[in-house]
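Here are my notes on this model, for you to check against the coordinates. Please keep the viewer open as you read.

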Amino acid sequence: MAVTLEEAPWLGWILVKALMRFALMVANNVFALPSYVLYVIILQPLRVLDSKRFWYIEGVMYKWLIGVVASWGWYAGYTVMEWGEDIKAISEDEAMMLVNHQATGDVCALMMCLQDKGLVIVQMMWLMDHIFKYTNFGIVSLIHGDFFIRQGKSHRDQQLLLLKKHLENNYRSRDRKWIVLFPEGGFLRKRRETSQAFAKKNNLPFLTHVTLPRIGATKIILSTLVARQENGIPAGGDAKGPDSKFKGLQWVIDTTIAYPKAEPLDIQTWILGYRKPTVTHVHYRIFPIKDVPLETDDGLSDWLYQRFIEKEDLLSHFYKTGAFPPPKGHKEAVAREMTLSNMRLFLIHCFVFLSGYMWYNVIQYFYHCLF
């Protein structure tokens, strides 16, 4: 398509802005990631003396790095509107988030909207595709204890065993409380056709805006992290609040992400900011763990399928009306605009660049001493 004279200045500005944002992203990575790794190395004695405090400090630094990523979208005008139940009320309890997956921007949106949820990000574990291990953020996720899962039938059984072992070795020992899972096992555009064929073959609902979830990782997480009472019933609370005295995983948060006109953001857009300001909509529903049927695989499969059938209805309503439907007993749904503190983001960036400068001088000093 030819560019008119009227459009040329606008396109030129978009290109210049994208290059400036790319330079900021590179600078953030050059300064932030090595600094994080070096701080973790220096703090290893504390890990031996007081493991809980070590992982808390590591988690705070991890949250700051997540905040840097969130800032790239925030400064480009990519914001988040939250709908449904208020998950702040259970931020101190243990919970699992079940999230639909459309594009890489889903992760960025969660990174933004969880910034104001207390210690959630500090104590969170992510399950993500193994390809993310080889990105710039991979080393940080490895240290933090996130799990990289390899997709495909040939790897499935082995990956589930590795996930169970990873949870047993890292979840409690690192004081994790929240875990994020994308049960569909891939992006919507890649899995939709396969999912619809499976649904037709097994007489399941035909879904367009989501795909049928895979049960394997969900089953492993629940069987490993849900505490059992003496009678075998899962321990879970009825009250959504910090006063809950139950141990183990207590809540499942059904999280539905929607984009205007069903056009998801990807990580490239989040970084370069060449798309016009966009609001990502995130809807929450909270289920106590005692309401999740854990006794049989069929019961859990049916429960999980039902959640994604309901996601389909939620998204269909959103794409028709521009809003999620109201909860039962309410006439209209209320949205909450999620905001980030510009001062906090500025201070995080200052810390990042000052840390990078400090570590550069420390390394340079020792280099000259040795050589």
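1. **An acidic residue and its partner.** Asp50 is partly exposed, at 28% relative accessible area. Buried means under 20% of that area, exposed over 50%, and partly exposed in between (1.4 Å probe, protein chains only). Asp50 forms a salt bridge with Arg53, and their closest N and O atoms are 3.3 Å apart. A salt bridge here needs a side-chain nitrogen of Lys or Arg within 4 Å of a carboxyl oxygen of Asp or Glu.

2. **Basis of the note.** This is a predicted model, in which local features need pLDDT of at least 70 and side-chain atom pairs count only at pLDDT 80 or more, while totals for chains, interfaces and linings use all residues. Residues are numbered from 1 along each chain as its sequence is written, and side-chain values use heavy atoms, without hydrogens and water.

3. **A pair across the sequence.** Side chains of opposite charge can pair when their charged atoms come close. How many salt bridges does the rule give? The count is 13. One of them joins Arg172 to Glu94, at 2.6 Å from N to O. Arg172 sits in the loop between α6 and β5, and Glu94 in the loop between β1 and β2, so this pair ties together parts that are 78 residues apart in sequence. Helices (H or I, at least four residues) and strands (E, at least two) are DSSP runs, numbered from the N terminus. Arg172 is partly exposed at 40%. Glu94 is buried at 12%.

4. **A pair of sequence neighbours, and a network.** Asp116 and Lys117 also meet in a salt bridge, 2.7 Å from N to O. Asp116 is partly exposed, at 31% relative accessible area, while Lys117 is buried at 2%. Elsewhere, salt bridges with shared partners link Asp254, Arg285, Arg307, Glu310 and Lys311 into one network.

5. **Strand β7.** β7 covers residues 279–288, and 9 of its 10 residues are buried. Strand β1 (residues 79–84) pairs with β7 in the parallel sense, over 6 bridges. Two strands pair if DSSP finds at least two bridges between them. Strand β6 (residues 251–258) runs antiparallel to β7, joined by 8 bridges. To find the register, start from Thr79, whose bridge partner in β7 is Val279. For β6, use Ala258, whose partner in β7 is His281.

6. **His283.** Is His283 buried or exposed? His283 lies in β7 and counts as buried, at 6% relative accessibility. Leaving out residues up to four places away in sequence, His283 touches Trp83, Gly84, Asp254, Thr255, Thr256, Leu314 and Phe324. Contact means heavy atoms within 4.5 Å. Asp254 in that list also belongs to the salt-bridge network.

7. **Helix α8.** α8 is mostly covered, with 7 of its 10 residues buried. The buried residues are Ala217, Thr218, Ile220, Ile221, Leu222, Thr224 and Leu225. They pack against β2 (95–99), β3, α6, β5 (178–181) and α10.

8. **The cavity.** The structure holds 1 cavity of 30 Å³ or more. On a 1 Å grid over the protein atoms alone, a cavity is a set of points where a 1.4 Å probe fits but cannot get out; a pocket is an open set with protein on both sides within 12 Å along at least five of seven lines; lining residues have an atom within 4 Å of a point. Points are joined across faces, edges and corners, and a volume is the space filled by probe spheres set on them. The largest cavity has a volume of about 110 Å³. It has 13 lining residues, and the closest to its centre are Ala32, Tyr36, Leu65, Phe351 and Val352. α1 (8–42), α3 (51–75) and α11 (342–370) each supply at least two lining residues. α1 gives the most, with 5. The lining has 11 nonpolar, 2 polar and no charged residues. Ala, Val, Leu, Ile, Met, Phe, Trp, Tyr, Cys and Pro count as nonpolar, Asp, Glu, Lys and Arg as charged, and the others, Gly among them, as polar.

9. **The largest pocket.** Its volume is about 1000 Å³. Of its 35 lining residues, Gln151, Pro183, Gly185, Arg191 and Arg214 are closest to the centre. Elements that each supply at least two lining residues include α6 (153–170), α8 (216–225) and α10 (297–321). The lining divides into 17 nonpolar, 10 polar and 8 charged residues.

10. **The second largest pocket.** This one has a volume of about 480 Å³. It has 28 lining residues, and those closest to its centre are Met111, Thr135, Asn136, Phe137 and Ile267. α3 gives the most to the lining, with 6 residues. By class, the lining has 19 nonpolar, 8 polar and 1 charged residues.
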